[in-house]
Amino acid sequence: MSTVEDFRALHLERAPGDPLILPGPWDAAGARACVAAGFPALATPSAGVSAALGYDDGSTPADEMFAAVARIARAVDVPVSADIEDGYGLAPDELVDRLLEAGAVGCNLEDSRDGVLTDPHEQAAYLAEIRTAAGDRLFLNARVDVFLHGDGDLGHAVERAALYVAVGADCVYPILAPADALPVLRAGIRGPLNALGSLDGTGPSPAELGKLGATRITFGPGLWQRADRAVREILRELVP
């Protein structure tokens, strides 16, 4: 059975150009396919899970999201980290309990709500409460939304990241940070750094992102989007 210790170990002492690659399955079948392909851990994407459940990204009820994560975690024997968006307004104790009940060893938490950045000190306090409730039982990936919903200022991204690491975040994720910003972020941030990878060939490869400073690579809804395009192409071939 996979553990949070196994997941943490995958982030440690990674060589430049060899980041941890975490594909984003949205259901149990996709999770098993990822494991069969050789991936040692998985990270669910909220957008992909939402689409599979028939919701727009950001509108999936918490109960359905946790149930989907549980189905994925139950189907595989590797660590699963869950994208739980902004935490659904749940109290830290309840959030931790629900993640553990679902079988997740980690989570991704956004620092924005409804497209607006949260106050970084308030977000840090929330993360600190989650860390206290979880102890060492969960790997916390703190998303930094400065490049998604903020001014894109590198200094602001590093400041937010530093606050989150100081209260116990295991990893920080400045989503949509430009590739050429990664060396600056790497220099200013302690601990693992998550970068957003591309699956359409338009951006740097995972190895290139690793050489720029990324510890691990996730793809957001990229895997689901590519699969959706493939299915639509197959269906077009069936149209009389």
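**Close-up views of a predicted model**

**View 1. The largest pocket and its lining.** The largest pocket has a volume of about 820 Å³. The structure shown in this and the following views is a predicted model. In total 46 residues line the largest pocket, and S46, D57, D83, R143 and I175 are those that lie nearest its centre. Sorted by class, the lining comprises 20 polar, 14 nonpolar and twelve charged residues. At least two lining residues each come from helix 3 (46-53), helix 7 (146-149), helix 11 (222-238) and strands 3, 5 (112-113), 7, 9 (194-196) and 10. Helix 11 gives the largest share of the lining, four residues.

**View 2. The aromatic pair F7 and F139.** Two aromatic pairs are found when the whole structure is searched. In the pair of F7 and F139, the ring centres are 5.1 Å apart and the planes stand at 75°, so the arrangement is edge-to-face. The two rings come from distant parts of the chain, with F7 in helix 1 (residues 4-11) and F139 in strand 7 (residues 139-144), 132 residues apart. F7 and F139 are both buried.

**View 3. The aromatic pair F66 and Y88.** F66 and Y88 also form an edge-to-face aromatic pair, with 6.1 Å from centre to centre and 65° between the planes. This pair, too, links distant parts of the chain: F66 belongs to helix 4 (residues 62-75), while Y88 sits in the loop between strand 3 (80-83) and helix 5 (92-102), 22 residues apart. F66 is buried at 5% relative accessibility, whereas Y88 is partly exposed at 21%. The cut-off for buried is under 20% relative accessible area, so the value of 21% places Y88 in the partly exposed class.

**View 4. Surroundings of F139.** F139 lies in strand 7 and has a relative accessible area of 2%, which means that F139 is buried. Leaving out residues up to four places away in sequence, F139 touches V4, F7, R8 and H11, as well as V105, G106, C107, D170, C171 and R216. The C-alpha atoms of F139 and A161 are 15 Å apart in space, with these positions 22 residues apart in sequence numbering.

**View 5. T215 and its contact with R186.** T215 is located in the loop between helix 10 (206-212) and strand 10 (216-218). With a relative accessible area of 9%, T215 is buried. The side chains of T215 and R186 are joined by a polar contact of 3.4 Å. R186 is also one of the residues that T215 touches, and the others are H11, R14, P19, L20, G191, P192 and L193, not counting residues up to four places away in sequence.

**View 6. R160 and the backbone of T118.** R160 is a residue of helix 8 (residues 154-166) and is buried, its relative accessible area being 10%. A polar atom of the R160 side chain lies 2.7 Å from the backbone oxygen of T118. Apart from neighbours within four places in sequence, R160 is in contact with D111, L117, T118, P120, V144 and V146.

**View 7. A179 in the loop before helix 9.** A179 is found between strand 8 (171-174) and helix 9 (182-188), in the loop. Its relative accessibility is 25%, so A179 counts as partly exposed. Without neighbours within four places in sequence, the contacts of A179 are P204, L209 and L212. A179 and W224 are 45 residues apart along the chain, and a distance of 22 Å separates their C-alpha atoms.

**View 8. Two residues with positive phi, E13 and L176.** Most residues other than glycine have a negative phi. E13 is not a glycine, yet has a positive phi of about 50°. This residue is placed in the loop between helix 1 and strand 1 (20-21), and E13 is exposed at 84% relative accessibility. L176, likewise not a glycine, has a positive phi of about 70°. L176 lies in the loop between strand 8 and helix 9 and is partly exposed, with a relative accessible area of 44%.

Terms used
Residues numbered from 1 in each chain as written. Predicted model: local features only at pLDDT ≥ 70, side-chain atom pairs only at ≥ 80, totals over all residues. Heavy atoms only, no water. Buried < 20%, exposed > 50% of the residue type's maximum accessible area, 1.4 Å probe, protein only. Polar contact = N/O pair within 3.5 Å; in protein donor to acceptor, adjacent residues only side chain to side chain. Contact = heavy atoms within 4.5 Å. Phe/Tyr/Trp six-rings, centres within 6.5 Å; stacked < 30°, edge-to-face > 60°. 1 Å grid on protein atoms, 1.4 Å probe; cavity = no way out; pocket = protein on both sides within 12 Å on 5 of 7 lines; lining within 4 Å. Points joined across faces, edges and corners; volume = space filled by probe spheres on them. Nonpolar A, V, L, I, M, F, W, Y, C, P; charged D, E, K, R; others polar.
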